[in-house]
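Dear colleague,

I am handing over the structure below, and I would be grateful if you could keep it open while reading the notes that follow it.

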Amino acid sequence: MKRMFRFAALAVAIVSTLALVACGGEKKDDKAAAAKEIKIGGIIDLSGPTSSVGVPYAEGVKAGAAYLNAQGGVAGMKIIFDLQDDGYNVQQGLTIYKKFAQDKVVAIQGFGTNVTEALMRSAAKDEITFFSASYSAHLTDPKTAPFNFFTSADYSTQVRAALKYFKDNWKESRKPRLALLFPDHPYGLSPIQAAKDYAAELGFEFVGEANVDLKAIDATTQLLPLKNKKPDYVWCGGTTPSTAVILKDAKKIGLKATFFTNIWGSDENLIKMAGDACEGAYSLQAAAVYGQDVPGMKAILEVSKNQPQMTHYIRGFVSMLVMGEGIRLAAAKGPVTGPSIKAALEGMTDFDPMGLAPKVSFLPTDHRPSMSVFLYKIVGGKLTFVAQENLERKAEWLGK
């Protein structure tokens, strides 16, 4: 009997030991699996006032992650993209961000200017690399926004590029007249001072400005006073829906001018919303349009399953490509952390996102990715490429 008890005890001990070994092996496997994944947060407007452009942008970011994963991931790591809707609401964005910070994400794909600028200091404190689809010039100065990056020429560079193009092609002896329409939001206000200053430098006559809300359903009140001042060029600094309202109302009241729009104000949907009222309007962009003959369009066609996409989608795709390259460069030197991704990005020079956007370069003292802006014009109901303006990387423009 004693011998039986001894055998039973020995058997229990062996089983217990095997269980511990098994548990230990599972823990190692879990760690190995975790090491082969990298979690990236997403804070994008999917339901708020900028969701008309936020949704296609988010789909492009997701497609970029899917594309990189299909190539074997980044440095052997699979991207886990956790997309959350901030509704273009700062408080909602802060709540999502806090959860990501607790989860120790090393990078975030953000979106709107209001939320991005509100999170600027937190990202720096928590050392989380933060990409955005806000192209506010305020985010390009590492002194105030050390962990912020994006892949398009900033809003101020965009409007400067358009003004330079218009002035270079101005044929009359008088000064061209300029008016500005924009929403009273951080995004809409961001490039206004830069536009006024550069317009004055180039010799434009500034004839007026007005706020047009992102949710506007009528803009005649703002447009009628401008009609009497006969602007030659009118800047629309909202998103596609408010731009469509402006263009239709301008046609209705007979305001004849060349309209040019923010990167979010002209896309394939504008043509559907505004009809022939958008004919001749200029669109500032930082990416190819769907179907354009560039090397990376094959990848876009594949991940989108040949379903036509907006240019916002392509910029989202590019944003993930650039972030992925930063992660790859960081992994080549050691552990992937927010600071190591930041350092890798600040050493990035002329990274080519497969021709889908201008080449991207960052400096430790200057996070402007590019000084190149694409100008498209709506001709025959299509976004038609007109020119690429390349501006100087002037130090005095950094952050403004």
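Strand S6 and strand S7 (residues 205-211) run parallel and are joined by six bridges, where strands are DSSP runs of E with at least two residues and helices are runs of H or I with at least four, both numbered from the N terminus, and two strands pair if DSSP finds at least two bridges between them. This is a predicted model, in which local features need pLDDT of at least 70 and side-chain atom pairs count only at pLDDT 80 or more, while totals for chains, interfaces and linings use all residues. Residues are numbered from 1 along each chain as its sequence is written, and side-chain values use heavy atoms, with hydrogens and water left out.

Within the S6 to S7 pairing, Phe-182 has Asn-211 as its bridge partner. S6 also pairs with strand S8 (residues 233-236) in the parallel sense, over four bridges, and there Leu-180 stands opposite Trp-235. Because six of the six residues of S6 (residues 177-182) are buried, this strand is largely enclosed by the rest of the structure; buried means under 20% relative accessible area, with a 1.4 Å probe and protein chains only. The cover extends to both faces, with Arg-177, Ala-179 and Leu-181 buried on one side and Leu-178, Leu-180 and Phe-182 on the other.

Turning to the helices, residues of H8, including Leu-223 and Leu-224, meet residues of H9, including Ile-246 and Ala-250, contact meaning heavy atoms within 4.5 Å.

With best wishes

Key. Buried < 20%, exposed > 50% of the residue type's maximum accessible area, 1.4 Å probe, protein only.
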